[in-house]
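Thank you all for coming; please have a look at the sequence and the model on the screen, and I will walk you through them piece by piece.

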Amino acid sequence: MQINQLQPGILLAGRYEIVKRIGGGGMGNVYQAKDKRLADAPRAVKEMIGMFTDEASKKMAIEDFERESQLLASLDHSAIPTIFDYFVNEGNYYLVMKLINGGDLAGQLAKAPQKWIDEKTVTNWGIQICDVLAYLHQKEPPII
């Protein structure tokens with residue numbers, strides 16, 4: 001199934017102007033956007049496509065999305081992007097967060113001359129992941 005992409009210049013929620021698509025997959029896309037209410041501050045807008053078989057599934061998905069958005073917004077850790085907003089528009093769900101430049105793992109591998117990442121870098125990433133997991137597990141109630 002082909003997911004339609006938002007075009008640059010589209011304004012979401014009367015606030016977030018799409019600049020370009022920066023990633024995505026089968027369930028949605030991630031866009032770079034400008035926050036028009038806050039001096040064009042850069043944002044990442046994650047779009048999750050709503051595909052439901054019935055109204056009960058749709059209602060549950062909306063409740064899950066809102067609960068998860070509230071939970072993510074309550075987190076405060078340097079390795080977790082800050083959540084600024086969430087909303088539903090035309091059956092799709094949007095999460096607005098701090099834009100973090102740097103690419104993804106596939107991009108890092110593609111840039112690596114030897115097509116693999118050195119042990120020291122991977123170990124450092126692993127330690128950072130463990131730090132985030134420790135933070136999440138220490139929350140009340142723990143996030144697992």
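How many of the seven residues of S6 are buried? The answer is six, so to speak of strand S6 as mostly covered is fair, with buried taken as under 20% relative accessible area. Please keep in mind throughout that this is a predicted model.

Let me step back to the whole protein. There are three helices and six strands, and if you read along the sequence you meet them in the pattern β-β-β-β-α-β-β-α-α. The C-alpha trace spans about 45 × 40 × 35 Å along its principal axes, and of the 144 residues in the protein, 27% are buried.

Now to the sheet. The six strands form an open sheet, and their order across it is S1-S2-S3-S4-S6-S5, with antiparallel pairing. At the edges you find strand S1, residues 11-12, and strand S5, residues 83-89, each of which pairs on one side only. On the S1 side, the antiparallel pairing with S2 runs over two bridges, and there you can see Leu12 standing opposite Tyr16 in S2.

Strand S6, with which I began, has S4 on one hand and S5 on the other in the order of the sheet. With S4 the pairing is antiparallel over seven bridges, and one place to look is Met48, which stands opposite Tyr93 in S6. With S5 the pairing is again antiparallel, over six bridges; among the partners there, Ile83 is bridged to Met97 in S6, and Tyr86 is bridged to Leu95 in S6. As a general reminder while you rotate the view, side chains in a regular strand alternate between the two faces of the sheet.

The hairpin of S5 and S6 has two residues between the strands, and in that hairpin Glu90 takes a positive phi near 50°. To put this in context, most residues other than glycine have a negative phi, and most peptide bonds are trans. Two further residues depart from that habit of phi, and you will find them in one loop. Ala39 has a phi near 55°, a positive value in a residue other than glycine, and its place is in the loop between S3 and S4. Asp40, found in the loop between S3 and S4, has a positive phi of about 60° although it is not a glycine.

Is Ala39 buried or exposed? Its relative accessible area is 77%, and therefore Ala39 is exposed, since exposed means over 50%. For Asp40 the relative accessible area is 33%, so Asp40 is described as partly exposed.

As for the peptide bonds, the one from Glu140 to Pro141 is cis, with omega near -5°. You can locate Pro141 in the segment after helix H3, which covers residues 119-138.

Let me turn to the other helices. Helix H1, residues 55-73, has 19 residues and reaches 27 Å from its first C-alpha to its last, which is close to the 27 Å expected at 1.5 Å a residue. At the start of H1, please look for Asp54, where a side-chain oxygen reaches to within 3.1 Å of the backbone nitrogen of Ala56. Helix H2, residues 105-111, contains Ala106, and Ala106 is exposed because its relative accessible area is 53%, the limit for this word being over 50%. Between the C-alpha atoms of Ala106 and Ser69 there are 26 Å, and along the chain these two are 37 residues apart.

Finally, the empty space. Rolling a probe the size of a water molecule over the atoms shows where empty space is left. The largest pocket holds about 500 Å³ of space. It is lined by 16 residues, of which Ile22, Val30, Ile100, Gly103 and Asp104 are the closest to its centre. Four strands each give two or more residues to this lining, namely S2 (16-25), S3 (28-35), S4 (41-49) and S6 (92-98). Which of the elements gives the most to the lining of the largest pocket? That is S2, with three residues. By character, the lining of this pocket divides into seven nonpolar, six polar and three charged residues.

That brings me to the end of the walk, and I am glad to go back to any part of it on the screen.

How values were computed. Residues numbered from 1 in each chain as written. Predicted model: local features only at pLDDT ≥ 70, side-chain atom pairs only at ≥ 80, totals over all residues. Heavy atoms only, no water. Expected span 1.5 Å × (residues − 1). Polar contact = N/O pair within 3.5 Å; in protein donor to acceptor, adjacent residues only side chain to side chain. 1 Å grid on protein atoms, 1.4 Å probe; cavity = no way out; pocket = protein on both sides within 12 Å on 5 of 7 lines; lining within 4 Å. Points joined across faces, edges and corners; volume = space filled by probe spheres on them. Nonpolar A, V, L, I, M, F, W, Y, C, P; charged D, E, K, R; others polar. Buried < 20%, exposed > 50% of the residue type's maximum accessible area, 1.4 Å probe, protein only. Pairing = 2+ DSSP bridges.
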